[in-house]
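Hi,

Here is the structure I promised to pass on to you. Please open it beside this email, and I will walk you through what turned up.

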Amino acid sequence: MTASKVFLRDFLGLLLIISTVLAGLCMLLDILALFAYVNHEEMIASLFFHESFYLLVFFIPPYFIGRYINQTEWVKAVEEYLLMKSKSESEQW
């Protein structure tokens, strides 16, 4: 495995974290919209729901990114690359 593939895996992991946080924000806005609606604040509930509607897109990517990152050959290749890199650095010192 090359350094670019390790970088790609780290970048996809960062995208996974960002997508998960934005999906959580969507759920939080929906819960707040529900509370506002129960308290007869229809205008605020409508605003919260409208803002959370666009964040629904972030529910799908974490599943596929997580499955792609955690493939056994990727995990094994990254571990071998990091082991090889640490051995080469320890030999230099």
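The buried residues of helix α1 pack against α2 (42-53), α3 (61-69) and α4 (72-92). Do keep in mind as you look that this is a predicted model.

Which residues of α1 are the buried ones? They are V6, R9, L12, G13, S19, A23, C26, L29, A33 and A36. Try colouring them in your viewer.

You can also check the length of this helix yourself. Helix α1 covers residues 3-38, which makes 36 residues, and at 1.5 Å a residue it should span 52 Å. Its end C-alpha atoms lie 53 Å apart, so the model agrees with the expected span. Just after α1 comes H40, which takes a positive phi of about 60 degrees.

Next, a look at the record. An unreviewed UniProt entry places the feature "transmembrane region" at residues 12-38 and 44-66. Here is how those two stretches appear in the model:

- Residues 12-38 are 100% helix and 0% strand, with end C-alpha atoms 39 Å apart.
- Residues 44-66 are 70% helix and 0% strand, with end C-alpha atoms 35 Å apart.

Now turn to α2, where two residues are worth a visit. Is S52 buried or exposed? S52, which sits in helix α2, has a relative accessible area of 1%, so this serine is buried, the cut-off being under 20%. Leaving aside residues up to four places away in sequence, S52 touches C26, L29 and D30. Of these, C26 and L29 are among the buried residues of α1.

F53 also has its place in helix α2. This residue counts as partly exposed because its relative accessibility is 47%, and partly exposed means between 20% and 50%. F53 helps to make a nonpolar surface patch of about 990 Å². The other residues in the patch are M27, F49, Y54, L56, F59, I60, Y63 and F64. Helices α2 and α3 each supply at least two residues of this patch.

Last, please find Q92, in helix α4. With a relative accessibility of 64%, Q92 counts as exposed. How far apart in space are Q92 and K76? From C-alpha to C-alpha the distance is 25 Å, and the two are 16 residues apart in sequence.

Have fun exploring, and write back with any questions.

Best wishes

Key. Residues numbered from 1 in each chain as written. Predicted model: local features only at pLDDT ≥ 70, side-chain atom pairs only at ≥ 80, totals over all residues. Heavy atoms only, no water. Helix = DSSP H or I, 4+ residues; strand = E, 2+ residues; numbered from the N terminus. Expected span 1.5 Å × (residues − 1). Buried < 20%, exposed > 50% of the residue type's maximum accessible area, 1.4 Å probe, protein only. Contact = heavy atoms within 4.5 Å. UniProt positions renumbered as here; feature names shortened; annotations may be inferred. Patch = residues over 30% accessible without salt bridge, like charges linked within 9 Å, V, L, I, M, F, W, Y side chains within 5 Å. Areas by Shrake-Rupley, 256 points an atom, 1.4 Å probe, with all protein chains shown as cover. Salt bridge = Lys/Arg side-chain N within 4 Å of Asp/Glu carboxyl O.
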